[in-house]
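The exercises below ask you to read a protein model step by step. Try each task on your own before you turn to the solution that follows.

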Amino acid sequence: MNEKLLPWRWAILIGMTILLISLQFSFIIPGGAALLVMQVYECEPMAFSMIMSIPYLSGVLLCVAGGVLADRIGLGKVFFVSFAIAALGALGRCFALDYWSLFIASFFMGTGVAALNANSAKLLRLWFPGTANSFAMGVYTAGMSAGAALAIYVGSHLPEIHQAWWISFVLIVIGLIAWFSVYRKHPNERRSSEPVSALLKEVLKDKNVWAIGIVAFLVFGMTNVNGSYMVPAVTALMGDSASTSIAGDMSTINTLVTCIASMVMPVVFAKLFRNMRAPFIICLIVTGLTLAITFFVPYGLWTWIAFLVILPIFMAAIMPFTKMLPVLLPDVKPEHYGVIGGIQATFQNIGMFLI
């Protein structure tokens with residue numbers, strides 16, 4: 001592949017990030033308005049958690065299909081169909097009057113992120129080859145944190161839940177306009193002509209594909225605790241339901257720091273380390289221990305240090321590296337990046353759904 005840094009890459013990255021922010025906002029905003037959602041739709045915490053996680057079930061069911069189709073018919077067509085369905089799901093949520101209509105609409109909203117997560121590594125590998133890829137993936141994963149930060153802040157300060165649904169729909173429309181205004185097919189994008197069965201057989205026999213899937217399952221299952229469930233978790237830790245706005249502010253700052261660190265940490269690590277395994281493992285251990293310990297220590301100064309400093313910085317280094325793994329595997333054909341990304345994204349969504 002004749003790899004060149006084309007000028008249009010920045011437009012692709014900006015449009016992709018804006019779209020991800022809007023989709024992530026629509027997923028996370030029920031977490032910011034957790035108590036309001038449970039009151040209006042008369043649901044218990046377990047039922048509420050299903051509203052938060054059901055979009056990820058879409059990813060479990062559709063990510064592999066999104067990756068396979070992108071490899072065969074192209075990224076543009078897959079993105080158009082999946083994002084259109086997501087927008088219709090967001091519109092349907094605006095008119096949801098009971099729990100099950102909210103549940104169904106949220107499921108269809110997941111198709112957009114299913115396609116994006118399955119093909120993000122492939123798309124960024126095309127437009128940002130070589131060392132530029134780590135920065136681009138950092139910006140992309142920062143979009144996840146930015147959307148979550150905005151959603152948690154807005155959701156925790158809204159007086160009426162349907163306002164949240166309409167804001168989500170408008171943002172998704174803006175994201176779609178931004179994306180399809182800038183999207184271009186990369187000159188080096190390749191399509192696979194192999195039968196689907198042969199394609200999957202070749203990819204699935206590679207043990208490295210299964211390894212990066214398991215890593216994504218564990219990493220994004222863990223990070224979902226820090227994002228989707230942080231406001232109700234910190235509120236419970238504080239022991240006062242009236243402190244939801246404080247928990248929302250803490251979660252917003254956490255995700256903003258994560259957003260900035262997601263762009264900075266991959267570049268710093270790429271310059272400091274020739275082999276990423278050791279720093280990646282260290283970041284995983286620190287993040288996991290900090291996240292676990294924080295919920296067993298009484299609310300206080302440690303809670304703020306953990307959520308505003310330790311977790312966002314170390315977690316920020318984990319997410320972009322994990323998403324880059326499909327295009328870092330040895331001896332993988334570029335036309336297979338989509339299906340490998342789809343398999344990894346399936347594991348990712350299973351982890352987020354089960355949490």
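**Exercise 1.** Is Thr 235 buried or exposed? Decide this for the predicted model shown here, and then describe the surroundings of Thr 235.

*Solution.* Begin by locating the residue: Thr 235 belongs to helix 10, which covers residues 230–238. Next, take its relative accessible area, which is 9%. Buried means under 20%, and therefore Thr 235, with its 9%, is buried. Finally, look for contacts while leaving aside the neighbours within four places in sequence; what remains for Thr 235 is contact with Asp 240, Ser 241, Ser 243, Thr 244 and Ala 247.

**Exercise 2.** How many disulfides does the structure hold? Explain the result for Cys 43 and for Cys 259.

*Solution.* Recall first that a disulfide is a covalent bond between the sulfur atoms of two cysteines. The test used here asks for a pair of cysteine sulfur atoms within 2.5 Å. For Cys 43, the closest cysteine sulfur is that of Cys 94, and because the two lie 18 Å apart, they are too far for a bond. For Cys 259, the closest cysteine sulfur belongs to Cys 283 at 17 Å, which is again too far for a bond. The count for the structure is zero disulfides. As a further step, check accessibility: Cys 43 counts as buried at 8%, and Cys 259 also counts as buried, at 14%.

**Exercise 3.** Which residues have the most contacts inside the largest nonpolar core? Say also which helix gives the largest share of this core.

*Solution.* As background, nonpolar side chains in soluble globular proteins tend to be buried together. In this model the largest nonpolar core has 107 residues, and those with the most contacts inside it are Trp 165 and Trp 179. The largest share of this core comes from helix 5 (residues 99–127), which supplies twelve residues. To see the surroundings of one of these tryptophans, list what Trp 165 touches beyond four places in sequence: Ile 29, Pro 30, Val 37, Tyr 41, Ala 90, Arg 93, Cys 94 and Leu 102.

**Exercise 4.** How much space lies in the largest pocket? Describe its lining by position, by element and by class.

*Solution.* The idea behind the search is that rolling a probe the size of a water molecule over the atoms shows where empty space is left. The volume of the largest pocket is about 860 Å³. Its lining is made of 32 residues, and the closest to its centre are Met 276, Phe 321, Met 324, Leu 325 and Leu 328. Moving on to elements, those that give two or more residues to this lining are helix 6 (132–155), helix 9 (207–227), helix 11 (244–272), helix 12 (277–294) and helix 13 (301–324). Helix 11 gives the most, with six residues. Sorted by class, the lining of the largest pocket has 22 nonpolar, six polar and four charged residues.

**Exercise 5.** What lines the second largest cavity?

*Solution.* Start from the count, which comes to five cavities of 30 Å³ or more. The second largest cavity holds about 50 Å³ of space, and the residues lining it are Leu 20, Gln 24, Tyr 56, Val 113, Asn 117, Met 144, Gln 348 and Met 352. At least two residues of this lining are supplied by each of helix 1 (9–32), helix 5 and helix 14 (337–354). By class, the lining of the second largest cavity divides into five nonpolar, three polar and no charged residues.

**Exercise 6.** Where is Glu 42 placed, and what can be said of its phi angle? Then consider Ile 246 and its contacts.

*Solution.* Glu 42 sits in the loop between helix 2 (34–40) and helix 3 (45–73). Although Glu 42 is not a glycine, its phi is positive, at about 50°. Exposed means over 50%, so Glu 42, at 73% relative accessibility, counts as exposed. Turning to Ile 246, place it in helix 11. Its relative accessibility is 37%, and Ile 246 therefore counts as partly exposed. Once the neighbours within four places in sequence are left aside, Ile 246 is in contact with Met 238 and Trp 304. As a last step, compare sequence with space: Ile 246 and Pro 55 are 191 residues apart in sequence and 27 Å apart in space, C-alpha to C-alpha.

Methods. Residues are numbered from 1 along each chain as its sequence is written. This is a predicted model: local features need pLDDT of at least 70, side-chain atom pairs count only at pLDDT 80 or more; totals for chains, interfaces and linings use all residues. Side-chain values use heavy atoms; hydrogens and water are left out. Helices (H or I, at least four residues) and strands (E, at least two) are DSSP runs, numbered from the N terminus. Buried means under 20% relative accessible area, exposed over 50%, partly exposed in between (1.4 Å probe, protein chains only). Contact means heavy atoms within 4.5 Å. On a 1 Å grid over the protein atoms alone, a cavity is a set of points where a 1.4 Å probe fits but cannot get out, and a pocket is an open set with protein on both sides within 12 Å along at least five of seven lines; lining residues have an atom within 4 Å of a point. Grid points are joined across faces, edges and corners, and a volume is the space filled by probe spheres set on the points. Ala, Val, Leu, Ile, Met, Phe, Trp, Tyr, Cys and Pro count as nonpolar, Asp, Glu, Lys and Arg as charged, and the others, Gly among them, as polar. A nonpolar core is a set of buried Ala, Val, Leu, Ile, Met, Phe, Trp, Tyr and Cys residues joined through side-chain atoms within 4.5 Å.
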